[in-house]
Amino acid sequence: MRIVLNGLIVSNYRGVMQLDSIKPAYDIITIKNNVPRQPQLVTIADLASGAYTNMLIKLDEVQFSGPDTLKTFANGYELVTENRTLVDCGGSSVLVRTSGYANFADVKVPSGKGSLIAIA
C-alpha cells in the first residue's frame with residue numbers, strides 16, 4: 001500500500017508514531033491485494049521487550065482468563081474499546097485490546113487453549 005502524507009498528522013501515541021486524519025478513500029493507494037503475511041511466532045514474555053510493537057504476531061498455547069470468556073471482545077453497539085486478559089501455561093499475561101469498531105467486537109470471547117494472531 002502507499003499512503004499519501006499530504007495533510008496528515010504524525011503524532012506520538014504511547015511511544016509509537018502514528019498517522020492521524022487519514023481518509024482511506026483518498027490517502028491510501030492499494031498497490032497489491034491478497035498478499036499473505038506470516039505472523040512472527042512469539043511468547044507473551046517476548047512481547048514485554050517491545051521488540052514486536054506494530055508487528056503481526058502469533059501466540060500459541062494461550063487462553064483468555066475465565067471471567068473474560070463471559071464477555072464479548074468489545075462493545076460494538078456503543079463502539080467502546082475494551083481489554084481482555086490472555087494467559088499462557090507459565091502464568092504470563094498480556095492485555096488484548098479490541099476496538100469497538102472491529103467487525104468482531106460483539107463476538108463472544110472464546111474459552112479453551114488455542115492460538116491468537118494479532119498486531120502487537
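Going by its relative accessibility, is Tyr-101 buried or exposed? Tyr-101 is exposed, because its relative accessibility comes to 66% (exposed means over 50% relative accessible area, buried under 20%, partly exposed in between, with a 1.4 Å probe and protein chains only). Everything here comes from a predicted model, where local features need pLDDT of at least 70, side-chain atom pairs count only at pLDDT 80 or more, and totals for chains, interfaces and linings use all residues. Residues are numbered from 1 along each chain as its sequence is written, and side-chain values use heavy atoms, with hydrogens and water left out.

**View 1. The whole chain, before zooming in.**
The protein has two helices and nine strands (DSSP runs numbered from the N terminus: helices are H or I with at least four residues, strands are E with at least two). Walk along the sequence and you get β-β-β-α-β-β-α-β-β-β-β. Along the principal axes, the C-alpha atoms fill a box of roughly 45 × 35 × 30 Å. Of the 120 residues, 18% are buried. Take the contacts with a separation of 6 or more: residues 24 or more positions apart account for 53% of them (contact means heavy atoms within 4.5 Å). The protein exposes about 8,600 Å², and carbon and sulfur atoms supply 53% of that (Shrake-Rupley areas with a 1.4 Å probe; for residues, only the protein chains shown count as cover).

**View 2. Tyr-101 in its loop.**
Look for Tyr-101 in the loop between strand E8 (93–98) and strand E9 (114–119). For a sense of distance, try Asp-46: Tyr-101 and Asp-46 are 55 residues apart in sequence, and their C-alpha atoms are 28 Å apart in space.

**View 3. The Phe-64, Phe-73 and Phe-104 cluster.**
Two aromatic pairs turn up in the structure (ring centres of Phe, Tyr or Trp, using the six-membered ring of Trp, within 6.5 Å; planes under 30 degrees apart are stacked, over 60 edge-to-face, the rest tilted). One of them is Phe-64 with Phe-73, an edge-to-face pair at 5.7 Å centre to centre, with 80° between the planes. Phe-73 also pairs with Phe-104: the centres are 5.4 Å apart and the planes sit at 85°, so this pair is edge-to-face too. Phe-73 lies in the loop between strand E6 (56–64) and strand E7 (82–88), and Phe-104 in the loop between E8 and E9, so the pair ties together parts that are 31 residues apart in sequence. Ring pairs thus link Phe-64, Phe-73 and Phe-104 into a cluster. As for cover, Phe-64 counts as buried because its relative accessibility is 9%, and Phe-73 counts as buried at 11%. Phe-104, at 37%, is partly exposed.

**View 4. The salt bridges.**
The structure holds three salt bridges (a side-chain nitrogen of Lys or Arg within 4 Å of a carboxyl oxygen of Asp or Glu). Arg-84 and Glu-82 meet at 2.3 Å, N to O. Arg-84 is buried, with a relative accessible area of 5%, while Glu-82 is partly exposed at 24%. Lys-71 and Asp-68 form a bridge at 3.7 Å, N to O. Asp-68 is buried, since its relative accessible area is 6%, and Lys-71 is partly exposed at 37%. Asp-60 and Lys-58 bridge at 3.9 Å, N to O. Asp-60 is partly exposed at 34%, and Lys-58 is partly exposed at 28%.

**View 5. Asp-27, buried with no salt bridge.**
Asp-27 sits in helix H1 (residues 24–27). Which side chain of opposite charge is nearest to Asp-27? That would be Lys-23, 4.9 Å away (Lys and Arg count as positive, Asp and Glu as negative; His and the chain ends are not counted). Leaving aside residues up to four places away in sequence, Asp-27 touches Arg-2, Ile-3, Val-4, Leu-8, Ser-21 and Ile-22.

**View 6. A nonpolar patch on the surface.**
Met-1, Ile-3, Leu-5, Val-10, Met-17 and Leu-19 make up this patch, with about 600 Å² of accessible area together (patch residues have over 30% relative accessible area and no salt bridge; like charges are joined within 9 Å, and nonpolar side chains, meaning Val, Leu, Ile, Met, Phe, Trp and Tyr, within 5 Å). One of its members, Val-10, is found in strand E2 (residues 9–13). Val-10 counts as exposed because its relative accessible area is 54%. Ile-3, another patch member, also shows up in View 5, where Asp-27 touches Ile-3.
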